[in-house]
Amino acid sequence: MEEASNLTEIVPTIDDDVKFVLRRFQQPIIYFGEGPLERRQRLIEFFSKNKNSMESFLSSQAELGKESIAPSKSEEQKDEEFYTPGPDMLFDVRVRIADSSLNRAKIRTDKQRELYQNFDMITELKSRRSYYATLKTMEIEGSQVISNRFTSALKFSYSNAFIAAGSWNGHCYILDPHSLDVKRTFMDVGDGKISTLDWMPHSDEIVATGGSEGNITLLNMSAVHMKKYPKFYGHTDRVTSLQFIPIDSLIASASYDMTWRLWDVETQKSLYYQEGHSKELTSLSCHPDGSLLATAGLDAIIRIWDIRTGKSIAALEKNGHIRAIHGLAWRPNGYQLISGGADNNLKVWDLRRADSAATNTVLAHSKVITDIKISPDDKYITSCGYDGYLNLISSDNFSVIKKFKNVDKLMCCDISSDSKTIITGGWDRSVKIYHTEL
């Protein structure tokens with residue numbers, strides 16, 4: 001076709017039209033840091049490499065004549081809201097989530113109200129100083145090499161009776177939290193590397209794992225044969241993060257396929273899946289009440305989703321990260337979110353702010369931050385990264401209280417339910433344990 005000889009004349013110049021055409025051909029609408037000129041050039045390059053797509057575009061334009069490419073504003077808003085209807089049981093699940101989250105929110109806010117009414121500044125300062133002085137006495141108590149590949153995921157069980165450790169060799173190890181002895185090994189859980197895992201709430205029996213094969217496997221400490229371990233199929237690329245939400249029978253997962261999914265444990269079926277990020281997802285974190293979900297990835301943007309409705313209610317990017325995000329953690333107070341990533345910084349987000357801007361930046365590491373955890377008593381934060389450091393950070397003023405240097409890159413960390421014990425894992429293939437008497 002004659003028009004194909006000059007792509008610069010074929011491709012629209014209005015940015016809204018360019019975005020519409022990209023969306024039509026299932027291309028990312030926007031990349032982080034990309035301007036209108038770069039976006040139009042990307043569309044030109046796409047057409048130059050995909051002649052069939054270009055001819056399809058030209059045919060549709062010939063039919064429309066001189067009409068605008070982009071739809072009306074109301075139609076565009078509808079297109080922006082990607083969703084899947086889901087099965088009939090999704091409505092009932094969302095009602096359960098709403099009921100459960102409202103009860104949890106009432107308990108949390110009642111405690112905060114009571115704390116406010118009985119708050120005494122002098123008493124609290126003395127208590128915090130004593131707490132942090134004791135936290136500084138934390139020391140390493142043990143180290144155990146568990147596999148022939150690096151340790152990629154760690155989690156204490158509900159009662160701290162076990163530690164689950166995932167490795168890039170595809171095995172999941174159950175460890176004694178005192179001696180670090182391996183109590184059980186689940187061999188070849190997936191077809192590849194384990195990248196994430198989580199224990200079912202209120203349970204020392206069920207562990208969910210996800211990895212490079214894109215599936216989620218549910219491990220049962222009571223089961224004998226691997227055939228009894230159910231698998232969840234749906235993601236088309238590596239599962240990078242998963243978490244049980246406070247309702248025990250539900251799991252949320254994020255993947256490199258740029259979607260997050262909500263799963264029903266009993267049926268092993270995907271209830272819902274959601275797009276919204278322009279690049280691969282690396283992390284998710286469920287709100288303490290179970291009502292919201294934070295997701296983040298290589299696009300350096302955090303999205304907050306209301307899982308009672310499936311809507312995106314906020315995009316956190318103002319004063320935010322300039323590179324990929326690899327760690328997310330909600331504070332138990334319910335309104336602050338901590339994030340960290342490839343720009344080596346921790347960001348503190350306060351959802352009570354109307355502008356959704358980061359309120360604090362902590363220069364925590366000299367290399368990529370890989371994991372973040374917050375103590376259950378909400379008094380300190382742990383972060384670890386490629387610089388080999390495990391940092392203990394105050395939840396009051398976000399200053400670093402203590403650092404531990406590892407011999408190699410750290411990939412994961414976790415805190416026990418009593419906030420006294422920390423575990424780490426990384427490239428040295430070990431699990432390390434740190435303890436103090438708070």
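Which residues are linked with K106 in a network of salt bridges? In this predicted model, the partners of K106 in the network are D110 and R113. The count of salt bridges comes to 15, and several of the others are described below, together with a surface patch, an open sheet and a hairpin.

A pair of salt bridges can be followed from D355. The side chain of D355 meets that of K318 in a salt bridge, with an N to O distance of 3.7 Å. D355 lies in the loop between strand 20 (346-350) and strand 21 (358-362), while K318 lies in the loop between strand 17 (311-316) and strand 18 (325-330), so this salt bridge ties together parts that are 37 residues apart in sequence. D355 also meets R353 in a salt bridge, here with 2.9 Å from N to O. How accessible are the three side-chain partners? D355 counts as partly exposed because its relative accessibility is 33%. K318, at 45%, counts as partly exposed, and R353 is likewise partly exposed, at 35%.

Another salt bridge joins E437 to K420, whose closest N and O atoms are 3.6 Å apart. This pair links distant parts of the chain, 17 residues apart: E437 sits in the segment after strand 28 (430-435), and K420 in the loop between strand 26 (410-415) and strand 27 (421-426). E437 has a relative accessibility of 53% and therefore counts as exposed, whereas K420, at 24%, counts as partly exposed.

Nonpolar side chains also appear on the surface. L115, F119, M121, I122 and L125 form a nonpolar patch there, and together they have about 500 Å² of accessible area. Helix 7 (residues 121-135) gives the largest share of this patch, with three residues. One of the patch residues, I122, lies in helix 7. With a relative accessibility of 53%, I122 counts as exposed, because the cut-off is over 50%.

Attention now turns to the sheets. Four strands make up an open sheet in the order 14-15-16-17, and their pairing is antiparallel. Strand 14 and strand 17 stand at the edges with a single partner strand each, so one side of each has no neighbour in the sheet. On average, and with direction ignored, neighbouring strands of this sheet are turned by 25° against each other. Within the sheet, strand 16 (residues 302-306) runs antiparallel to strand 17, and five bridges join the two. R303 has A315 of strand 17 standing opposite.

At one edge of this sheet, strand 14 spans residues 281-286 and contains S285. Is S285 buried or exposed? S285 counts as buried because its relative accessibility is 6%, and the cut-off for buried is under 20%. Apart from neighbours within four places in sequence, S285 is in contact with Q243, L292, L293, A294, L328, A329 and W330. Among these contacts are residues of strand 18 (325-330), including L328 and W330.

The hairpin formed by strand 26 and strand 27 brings the account back to the region of K420. Five residues lie between the two strands, and S419 in the turn has a positive phi of about 65°. Five bridges join strand 26 to strand 27, and the two run antiparallel. In this pairing, L410 stands opposite G426 of strand 27. Six of the six residues of strand 26 are buried, so this strand is largely enclosed by the rest of the structure.

In strand 27, T424 offers a view of the surroundings of the hairpin. What is the relative accessible area of T424? The value is 1%, and T424 is therefore buried. Not counting residues up to four places away in sequence, T424 touches L154, L390, L410, C412, C413, S430, V431, K432 and Y434. L410, which is among these contacts, is also the residue that stands opposite G426. The C-alpha atoms of T424 and D371 are separated by 9.8 Å, and the two residues are 53 residues apart along the chain.

Note on methods. Residues numbered from 1 in each chain as written. Predicted model: local features only at pLDDT ≥ 70, side-chain atom pairs only at ≥ 80, totals over all residues. Heavy atoms only, no water. Buried < 20%, exposed > 50% of the residue type's maximum accessible area, 1.4 Å probe, protein only. Contact = heavy atoms within 4.5 Å. Salt bridge = Lys/Arg side-chain N within 4 Å of Asp/Glu carboxyl O. Patch = residues over 30% accessible without salt bridge, like charges linked within 9 Å, V, L, I, M, F, W, Y side chains within 5 Å. Areas by Shrake-Rupley, 256 points an atom, 1.4 Å probe, with all protein chains shown as cover. Pairing = 2+ DSSP bridges. Axes fitted to C-alpha atoms, helices over the stretch in contact; angles between N-to-C directions.
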